[in-house]
Amino acid sequence: MENSVLQILSRIDIGSLPVVPQVLLDLIRATHCNEVNFKDLTRIIGQDASLSSKVLITANSPFYRQWGEITDLNRVVTVLGLNTVRTIAVTRTVQQFFSQIPPNHCNYLDMIWYRSLTCAHLASHIAKLTAYEFPDEAYLAGLIHRLGQIVLLKCFPKEYPDFLAKHFDGQHSAPEKTLFGVTHQEIGGHLIESWKIQAALSDAVLYQSHPLEAIAEGTPLVKIINLASQLCIMAAENEVQVFALADRWFGLNQPLTEEMLKEAKSVTEQLALSLEISIAHPEGSRIRSLTSQAQRNKVRKNTAEYIRKLALTSALKQDFDHALPHTHPVALIQRDMNVLFGFRNTAVFLFRQETESLVSTLGPGEQTAKNSSITINIKQSRSLLVKALSNRQILHAVEANNVNPADFADRQIGRWLGTDRLLAIPLWANGQAMGVIVTGLNQSEQATDDLKLDFISLFAKEAALALLHAEERSELDQQALLNTIRENYHLHARKLVHEANNPLSIINNYLHLLKQKLGGNHSTEINLIQEEIDRVGNLILRLPDVMETPAEEKRSVDVNTVILDLINLFRAGIFTLHGIQTVLKLDPAMPEIPSSRYKIKQILTNLIKNSAEAMPSGGTITISTKDHVKFRKKHYIEILVHDDGPGLPQTVKENLFAPLTSTKGKGHSGLGLTICKSLIDELGGTIQCDSSLNHGTTFRILLPKETW
């Protein structure tokens with residue numbers, strides 16, 4: 001028997017089994033509704049056996065195994081998440097829309113759906129009445145108890161409809177076994193067992209039609225599904241036996257069982273009406289579908305309209321875009337290759353430009369024994385992967401083997417994936433090679449299916465873009481790390497400057513006292529020492545800027561901190577030398593602004609030095625800051641640098657920011673204010689000067705609070 005089952009299952013893709021069209025349409029609409037919740041999704045998915053099987057397989061795949069075995073639809077939907085359910089809904093809808101289902105198949109699908117949903121409601125009700133621990137599991141088992149019929153309908157499109165016309169609800173499996181070598185119960189049971197979930201579910205499907213004596217020692221779930229399936233198809237000639245069975249197994253009397261059956265059929269009939277499915281004589285053992293072609297065309301038209309509004313690429317893009325931040329695209333690619341196309345074994349090779357090679361990348365759930373990376377040099381290798389990437393074409397292993405039957409890399413990958421049939425899918429994004437997806441094929445998977453290849457091509461485009469965006473994010477993260485290192489450097493540099501200020505100030509003070517004691521004697525030597533100390537101060541002044549450049553990109557700058565740092569530096573040098581006092585009036589609520597710390601520091605350095613040098617016999621420099629200054633309908637922060645020196649000559653005021661010949665002597669270029677004006681212009685700010693003989697000189701700087 002098992003060989004017959006395997007032969008039949010190898011002919012179909014379980015993920016492509018047809019779903020009631022309206023259910024698919026309802027699901028795709030729900031997953032794109034802003035107010036959808038998991039309860040709504042579970043309700044819709046729980047209306048169809050094929051769709052429930054699809055999500056059940058996905059939830060129990062290696063990618064989700066960390067949550068353990070799952071047989072509850074509510075938990076299945078929760079574990080998969082909205083994005084994955086949306087992806088399944090869209091792709092199944094598109095696939096089914098473009099794969100024509102013969103009219104006679106549609107009729108039998110309606111009938112299978114009707115019996116399955118009725119059985120599911122009955123099983124759930126019986127489970128709750130009998131205090132079975134997992135009523136949702138009972139519902140799921142009832143829903144998929146006829147999954148084998150859908151498989152046989154898919155495998156034998158000509159023969160099986162004729163069989164169903166005579167034996168749709170037949171409890172005797174001999175005719176089915178004779179014609180097809182297996183029964184639909186055996187197909188369903190084996191299929192569920194292959195999903196690697198608990199035996200109770202597969203046993204319930206396998207033994208749904210067995211007589212009482214055969215399952216007397218069976219589990220509660222086996223008995224629940226057996227009774228529910230018999231109640232669904234109960235006829236006048238066997239109702240006594242079925243009611244007796246309900247009483248014997250669960251102590252359910254006939255009136256209660258009849259009421260339960262009536263309620264289940266009522267729920268199913270109402271749902272059938274909403275889905276525009278017409279079933280004739282559902283209370284009898286012989287039912288048939290009366291759904292008209294006009295009704296089917298209406299659903300198909302609605303589906304087509306919805307597909308046009310929501311392309312497949314949109315669903316894939318959302319899947320990648322809404323992934324959790326810590327989820328790498330490689331993991332999503334491997335998951336979706338299984339979810340969308342049923343490929344259980346998938347590897348991703350990323351292209352490395354610097355070495356011109358393809359390097360394998362592991363995903364979640366892969367064993368450490370496989371952790372030996374495979375690297376393929378694209379210039380030297382004749383691998384299927386290299387050919388696919390170079391030609392930008394999906395290639396099948398058989399196509400490549402005709403050219404190069406013994407490529408070592410392909411054999412190694414085949415052993416890794418456990419197959420000798422490979423499918424290589426190139427990944428290109430914005431003209432840039434990103435890598436290759438390679439997956440293993442089994443005998444039932446047709447890589448040359450044009451429709452499937454179209455879907456894979458669309459998927460590959462979105463996967464490649466996701467990889468490209470991940471690389472860009474990685475580069476941004478590296479830049480952020482460099483910025484952190486730079487900021488840490490500046491912090492330590494400022495600490496070093498602060499520590500150096502103290503001894504320099506002490507030395508300057510002693511030199512000043514020594515100069516007073518010696519009078520004119522040795523004043524030249526002391527002046528030389530003070531000049532050298534001044535040079536040291538200037539060197540320290542530049543120290544925090546070692547890692548900055550004039551082309552530094554804009555970032556948030558704390559102007560008050562820049563001013564405090566500069567004042568501490570000047571106090572160790574020129575302020576002490578000239579006897580300069582400082583007054584700071586800094587706005588404590590001053591926000592950081594998007595600007596260049598380097599440029600602001602250069603501007604203030606020039607202005608403060610000018611003020612100090614204008615007062616060789618001492619004086620006071622006052623620096624103030626202010627927030628919320630409006631100028632020409634824009635918002636700025638204000639910096640004022642004031643000294644009580646002699647003021648500027650009229651000739652200087654007339655050409656204040658133009659290059660002049662310096663009057664300060666050797667070592668001065670006369671470009672200080674010109675540089676200030678140029679830097680402020682670059683920052684999008686303004687500078688003004690007010691100077692008089694009685695009030696000294698004030699420079700007013702306005703810097704924008706918005707991005708410059």
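This is a short tour of a predicted model, stop by stop.

**Stop 1: the six-stranded sheet**

Start with strands 3 to 8. Together these six strands make an open sheet in the order 5-4-3-8-7-6, and their pairing is antiparallel. Now select residues 375-377 and 395-396. These are strand 5 and strand 6, and they stand at the edges. Each has a single partner strand, so one side of each has no neighbour in the sheet.

Look at the partner of strand 5. Strand 4, residues 357-361, pairs with strand 5 in the antiparallel sense over three bridges. Pick serine 357. Which residue of strand 5 is its bridge partner? The partner is asparagine 377.

Go to the other edge. Strand 6 is joined to strand 7 by two bridges, again antiparallel. Select leucine 395 and you will find alanine 424 of strand 7 opposite.

**Stop 2: strand 7 and its hairpin**

Select residues 422-429, which are strand 7. Is strand 7 mostly covered or mostly uncovered? It is mostly covered: seven of its eight residues are buried.

Add strand 8, residues 432-440. Strand 7 and strand 8 are antiparallel partners over eight bridges. Proline 426 stands opposite valine 436 in strand 8. The two strands form a hairpin with two residues between them. One residue to click in the turn is asparagine 430, whose phi is positive, about 55°.

**Stop 3: two helices on this sheet**

Keep the sheet on screen. Select residues 384-391 to bring up helix 19. Helix 19 lies across strands 3, 4, 5, 6, 7 and 8, and runs at about 35° to strand 7. Click leucine 384, which belongs to this helix. Leucine 384 has a relative accessible area of 2%, so this residue is buried. Then add histidine 396. The two residues are 12 apart in sequence, and their C-alpha atoms are 8.1 Å apart in space.

Move on to helix 21, residues 408-417. Colour Ala409, Asp410, Ile413, Gly414, Trp416 and Leu417, which are buried. Why do they fall on the same side of helix 21? They do so because they cover an arc of only 160° around the axis. What do the buried residues of helix 21 pack against? They pack against strand 3, strand 4, strand 5, helix 19, strand 7 and strand 8. Step past the end of the helix to glycine 418, which has a positive phi, near 75°.

**Stop 4: the largest core**

Switch to side chains. In soluble globular proteins, nonpolar side chains tend to be buried together. The largest nonpolar core here has 124 residues. Select Trp113, Val151, Leu221, Leu227 and Leu231, the members that touch the most others. Helix 6, residues 103-129, gives the largest share of this core, with 13 residues.

Zoom in on tryptophan 113. Beyond its close sequence neighbours, up to four places away, it touches Val20, Gln47, Asp48, Thr268, Leu271, Ala272, Leu275 and Ile277. Another core lies apart from this one. That second core has 34 residues, including Val559, Ile603, Leu607 and Ile623.

**Stop 5: the five-stranded sheet**

Find strands 10, 12, 13, 15 and 14. In that order these five strands form an open sheet, with mixed pairing. Strand 10, residues 580-585, and strand 14, residues 686-692, stand at the edges. Each has a single partner strand, so one side of each is left without a neighbour in the sheet. From one strand to the next, the twist averages 15°.

Select residues 619-631 and 634-643. These are strand 12 and strand 13, an antiparallel pair with nine bridges. Isoleucine 621 stands opposite aspartate 643 in strand 13.

Now add helix 24, residues 559-571. Helix 24 packs on the sheet and touches strand 10, strand 12 and strand 13. Its direction makes about 165° with that of strand 10. Click asparagine 560 in this helix. Asparagine 560 is buried, with a relative accessible area of 10%. Leaving out residues up to four places away in sequence, its contacts are Leu586, Asp587, Met590 and Thr625.

**Last stop: the cysteines**

Select cysteine 232. At 3% relative accessibility, this residue is buried. The closest cysteine sulfur is in cysteine 119, at 4.5 Å, and that is too far for a bond. A disulfide needs the two sulfur atoms within 2.5 Å. By this rule, the disulfide count is zero. Finish at cysteine 106, which is buried too, with a relative accessible area of 15%.

Definitions and conventions: Residues are numbered from 1 along each chain as its sequence is written. This is a predicted model: local features need pLDDT of at least 70, side-chain atom pairs count only at pLDDT 80 or more; totals for chains, interfaces and linings use all residues. Side-chain values use heavy atoms; hydrogens and water are left out. Two strands pair if DSSP finds at least two bridges between them. Helices (H or I, at least four residues) and strands (E, at least two) are DSSP runs, numbered from the N terminus. Contact means heavy atoms within 4.5 Å. Axes are lines fitted to C-alpha atoms, for helices over the stretch in contact, and angles run from 0 to 180 degrees between N-to-C directions. Buried means under 20% relative accessible area, exposed over 50%, partly exposed in between (1.4 Å probe, protein chains only). The arc is that of the directions from the helix axis to the C-beta atoms. A nonpolar core is a set of buried Ala, Val, Leu, Ile, Met, Phe, Trp, Tyr and Cys residues joined through side-chain atoms within 4.5 Å.
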